[in-house]
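Let's take a walk through this model together, one helix contact at a time. Please have the structure open as you read.

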Amino acid sequence: MAYWLANAALAAGVLGLGMLCLWLHMQLKQQRELQAERDSVRDQKLKELQRRLDAYLTGSIRMGEELQELRRKLGAVPERLQQLEQRDPMSLSFTHAAKLAGMGASVDDLTQSCGLSRAEAELVSKLQKAGH
């Protein structure tokens, strides 16, 4: 009888362990599925961030190229201004016009008070604004 009881207890223990293993296996499977979903969401977010980073980098490269082009164009402006100043010694100097533009004089004010053409006054005004 004790033998049967021991066998029954052993069988119950083995059955319990088998059920525990099955339950643990199902829990592990469920955890793997959840992790796979999280990984998929993470991967999608990383791809979106990569696309955004690429767009920002492309924009930055374009801005850098445009900035270099502006520097190239504006590099000759001081020399051109000096040439314009030397061109007409009878009129008010361009330096004086630049000072007036720095104090807020409009293009019309520069043309009237300094005897500059409208294009020259616009140039002086733009140079003054770019300098500040």
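A good place to begin is a pair of helices and the way they pass each other: the crossing of helix 3 and helix 5 is right-handed. Keep in mind as we go that the model is predicted. Helix 3 spans residues 94–102, and its axis lies 9 Å from that of helix 5, at an angle of about 60°. An angle of that kind is neither roughly parallel nor roughly perpendicular, since those classes are under 35 degrees and 65 to 115 degrees, and helix 3 is therefore oblique to helix 5.

Which residues make this contact? From helix 3 come Phe94, Ala97, Ala98, Ala101 and Gly102, while helix 5 brings Glu120, Val124, Ser125 and Gln128. Sorted by class, the contact of helix 3 with helix 5 has 5 nonpolar, 3 polar and 1 charged residues.

Now look at helix 3 by itself. Its buried residues are Phe94, Ala97, Ala98, Leu100 and Ala101. They sit on the same side of helix 3, because the arc they cover around the axis is only 160°. Just beyond, helix 3 is followed by Gly104, which has a positive phi, near 105°.

Let's move over to helix 5, which runs through residues 118–131 and includes Gln128. Is Gln128 buried or exposed? Its relative accessibility is 17%, so Gln128 counts as buried; the cut-off for buried is under 20%. Once neighbours within four places in sequence are set aside, Gln128 is in contact with Ala98, Ala101 and Gly102. Those three residues belong to the helix 3 part of the contact we have just visited.

Another residue of helix 5 to pick out is Ser125. With a relative accessibility of 9%, Ser125 counts as buried because it falls within the same cut-off, under 20%. Leaving out neighbours within four places in sequence, Ser125 is in contact with Ala101, Val107 and Leu110. Ala101 is part of helix 3's contact with helix 5, whereas Val107 and Leu110 are among the residues with which helix 4 meets helix 5.

That brings us to helix 4, residues 107–114, whose axis comes within 9 Å of the axis of helix 5 and crosses at roughly 120°. Helix 4 and helix 5 are therefore oblique to each other, and the crossing is right-handed. On the helix 4 side the residues are Val107, Asp108, Leu110 and Thr111, and on the helix 5 side they are Arg118, Ala121, Glu122, Val124 and Ser125. These divide into 4 nonpolar, 2 polar and 3 charged residues. Val124 and Ser125 of helix 5 take part here, and also in the contact with helix 3.

For contrast, find Lys126, again in helix 5. Lys126 counts as exposed because its relative accessibility is 60%. Its C-alpha atom is separated by 13 Å from that of Arg80, with their positions 46 residues apart along the chain.

Our last stop is helix 1, residues 2–74, where we find Leu74. Leu74 has a relative accessibility of 48%, so it counts as partly exposed. How far apart in space are Leu74 and Ala130? From C-alpha to C-alpha they are 9.7 Å apart, although they are 56 residues apart in sequence.

Definitions and conventions. Residues are numbered from 1 along each chain as its sequence is written. This is a predicted model: local features need pLDDT of at least 70, side-chain atom pairs count only at pLDDT 80 or more; totals for chains, interfaces and linings use all residues. Side-chain values use heavy atoms; hydrogens and water are left out. Helices (H or I, at least four residues) and strands (E, at least two) are DSSP runs, numbered from the N terminus. Buried means under 20% relative accessible area, exposed over 50%, partly exposed in between (1.4 Å probe, protein chains only). Contact means heavy atoms within 4.5 Å. Axes are lines fitted to C-alpha atoms, for helices over the stretch in contact, and angles run from 0 to 180 degrees between N-to-C directions. Angles under 35 degrees count as roughly parallel, over 145 as roughly antiparallel, 65 to 115 as roughly perpendicular and the rest as oblique. A crossing is left-handed if the near helix is turned anticlockwise from the far one by less than a right angle, and right-handed if clockwise. Ala, Val, Leu, Ile, Met, Phe, Trp, Tyr, Cys and Pro count as nonpolar, Asp, Glu, Lys and Arg as charged, and the others, Gly among them, as polar. The arc is that of the directions from the helix axis to the C-beta atoms.
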